[in-house]
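Trainee: I have a structure open and would like to talk through a few of its helices with you. Could you put it up so that we are looking at it together?
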Amino acid sequence: MNQTLEKLFILLSTIFTVISAVLLFLVIIFIAKESMLIFQEVNFFDFICGLTWNPLAGEPRVGILPMILATFYVSIVAILISLPIGIGCALELAALENERLKSFCTSILGVLAGIPSVIYGLIGLLVVVKFLEKKFMLAAGESILSGGIVLAVMVLPYIVSSAAETMEKSYVQYKETSLALGVSKSYMLRALILPNAKGAILTSMILAFSRAMGETMAVMMVIGNSPILPKLLGKGETIPALIALEIGTAGLGSLHYHALFTAGFVLMIFLIFLNALFYTTQKV
Amino acid sequence: MKDHLILKDLSVALGDAEILRKVNLAISRYKILAVIGPSGCGKTTLLRTINRLIEEEKQARVSGEILFKGKSIHQIPLAKLRKDIGLVFQQPTPFPMSIYDNLAYALKYHGVRGKDNLDKIIEAKLKLCGLYEEVKDHLTMSALKLSGGQQQRLSIARSLCVEPEVLLMDEPCSSLDIHNTKIIEDLIVKLSEQYTIVIVTHNLQQARRIADYTAFFLEGKLMEMNNTEAFFANPQEEETKQYLQGLFG
């Protein structure tokens, strides 16, 4: 009896594992199939490097370079802002010896990660966009910079939690040895813990970057959504925002429809590449 | 001044547990004191109290006095105290960085500047610990790649880099084989020409081989201390005799 149960259990878990693996492949295949159709009408190079997005014009143009650039641009801005804050925060957390304070801070980060992105978008509109309008005398504060700032807050928990884990481990491991040399804790954090966490920081950066690239709602709400070449204080439109905004109105099977799928496919390829990078850095 | 370190009525408790009870002890300059006793008798705590590492633990309560060169250790700035009284741990603990950086780590903090100065000190300490010939061509190699014995000698060299006067050693050979133990023991004897050494050991033979004085601790109390020869030849206390005979441990 027990043995049959055992076998059944193994069989079930194998089936479920296969299902989730197959699901991933089906998603890739489905998106790829829907998107390859477009290359019958537009060549690959024109699609990736084209500067004009106007799929509904008499002579439709579907170039997504502005969206690709905007996607990278907001993500890079977000990482540039959140990385120093995140590393500082992770160092502080790793060296925090008050356990209650530490678990309090950790739970705050958890809550930060759990806030729905539409809420971040609202706060972004209310605070960041308004601030930029006043500060830089802009007609509209919706911009790559506001997208980057909102995203920076959203990816912060990811950077902190994965970096802090490594830092805390080495802090515990080397604390006494380091103290016994008469060295202060802040020197230890600077000269030992931080350099030793290089790999973890890189990993957390990649993780946060891929989160940022895929984020749709919050970015869409504060970025202005114009399919033009992005400038820091100008409007832009990311790939996820483009798809979310236009897929509802694109005619089934039209050029527009397939172009959006292809844009999604391009985004997915970037993310798969980033994930592969994530796994290789983790192994080192 | 003959006595380098003096412990007066030193008691240490961690929470409700009394670890050391009214220990009085004088440690002479340039001598090796071996501290022996069964597990849990407070040997390691003794070392950690001398360089105030014990105070990192919130529950620790220390009473009594420790005089370093006639001055209470609480009157000496913590960084200076720990620089002057080095501690070598039971497990070799190389930092995850190059051999050179391991040795330069504390030196830079304590204000040694310039590559020439660093090089000079590092080379001298590696030579002193008999590690120089083995690693001189691999100074940029990760210290984690060294063997256990080499790692422990590196840990000792690292403690010596900041020019301590006293070196506390907590069972430095317990994770090493016979060959490496012999190397470290010879090193300790050599170091005692320039440093005062307190070594905690489980190994009675080791105490006998290298120590000038031996102190026996039991349940947090100093039972007996004498020069090593007399200590082993003619123990005074009944407990010491039993311990030396291996009746408990």
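Trainee: Where in α3(A) does the kink lie?
Mentor: Keeping in mind that this is a predicted model, the kink in α3(A) lies at A:S82, where the bend is about 35°, and the proline A:P84 follows shortly after that residue.

Trainee: And how many residues does α3 of chain A have?
Mentor: Helix α3 of chain A has 31 residues, running from 65 to 95, and from its first C-alpha to its last it reaches 44 Å, which is close to the 45 Å expected at 1.5 Å a residue.

Trainee: At what angle do α3(A) and α8(A) pack?
Mentor: They pack at about 140°, with 9 Å between their axes, α8 being the helix of residues 198–214 in chain A. Angles over 145 degrees would count as roughly antiparallel, so α3(A) and α8(A) are classed as oblique to each other, and their crossing is right-handed.

Trainee: Which residues of α3(A) meet α8(A)?
Mentor: Among them are A:V74, A:A78, A:L83 and A:S82, the last of these being the residue where the kink lies. On the α8(A) side, the residues they meet include A:I201, A:M205 and A:F209.

Trainee: Switching to chain B, why is α6(B) described as largely enclosed?
Mentor: The reason is that 13 of the 14 residues of α6(B) are buried, so the helix is largely enclosed by the rest of the structure. This helix covers residues 148–161 and reaches 20 Å from its first C-alpha to its last, close to the 20 Å expected. Just after α6(B), the residue B:E163 takes a positive phi of about 55°.

Trainee: How do the axes of α6(B) and α7(B) cross?
Mentor: They cross at roughly 20° and come within 9 Å, α7 being residues 178–191 of chain B, and the two helices are therefore roughly parallel to each other. The crossing is right-handed, and the residues that meet include B:G148, B:Q152 and B:I156 in α6(B), with B:I183 and B:L187 among those in α7(B).

Trainee: Last topic: how many residues of chain B are in contact with chain A?
Mentor: There are 19 residues of chain B in contact with 13 residues of chain A. On the side of chain B that touches chain A, α2 (78–84), β6 (85–88) and α3 (99–109) each supply at least two residues, and the largest share, 4 residues, comes from α2(B).

Notes: Residues are numbered from 1 along each chain as its sequence is written. Chains are lettered from A and ligands numbered from 1 in the order in which they are written. This is a predicted model: local features need pLDDT of at least 70, side-chain atom pairs count only at pLDDT 80 or more; totals for chains, interfaces and linings use all residues. The expected span of a helix is 1.5 Å times one less than its number of residues. A residue is buried if 20 or more other C-beta atoms lie within 10 Å of its own, exposed if 12 or fewer, and partly exposed in between; C-beta atoms are placed from the backbone. The bend at a residue is the angle between axes fitted to the seven residues ending there and the seven starting there. Axes are lines fitted to C-alpha atoms, for helices over the stretch in contact, and angles run from 0 to 180 degrees between N-to-C directions. Angles under 35 degrees count as roughly parallel, over 145 as roughly antiparallel, 65 to 115 as roughly perpendicular and the rest as oblique. A crossing is left-handed if the near helix is turned anticlockwise from the far one by less than a right angle, and right-handed if clockwise. Two residues are in contact if their C-beta atoms, placed from the backbone, lie within 7 Å.
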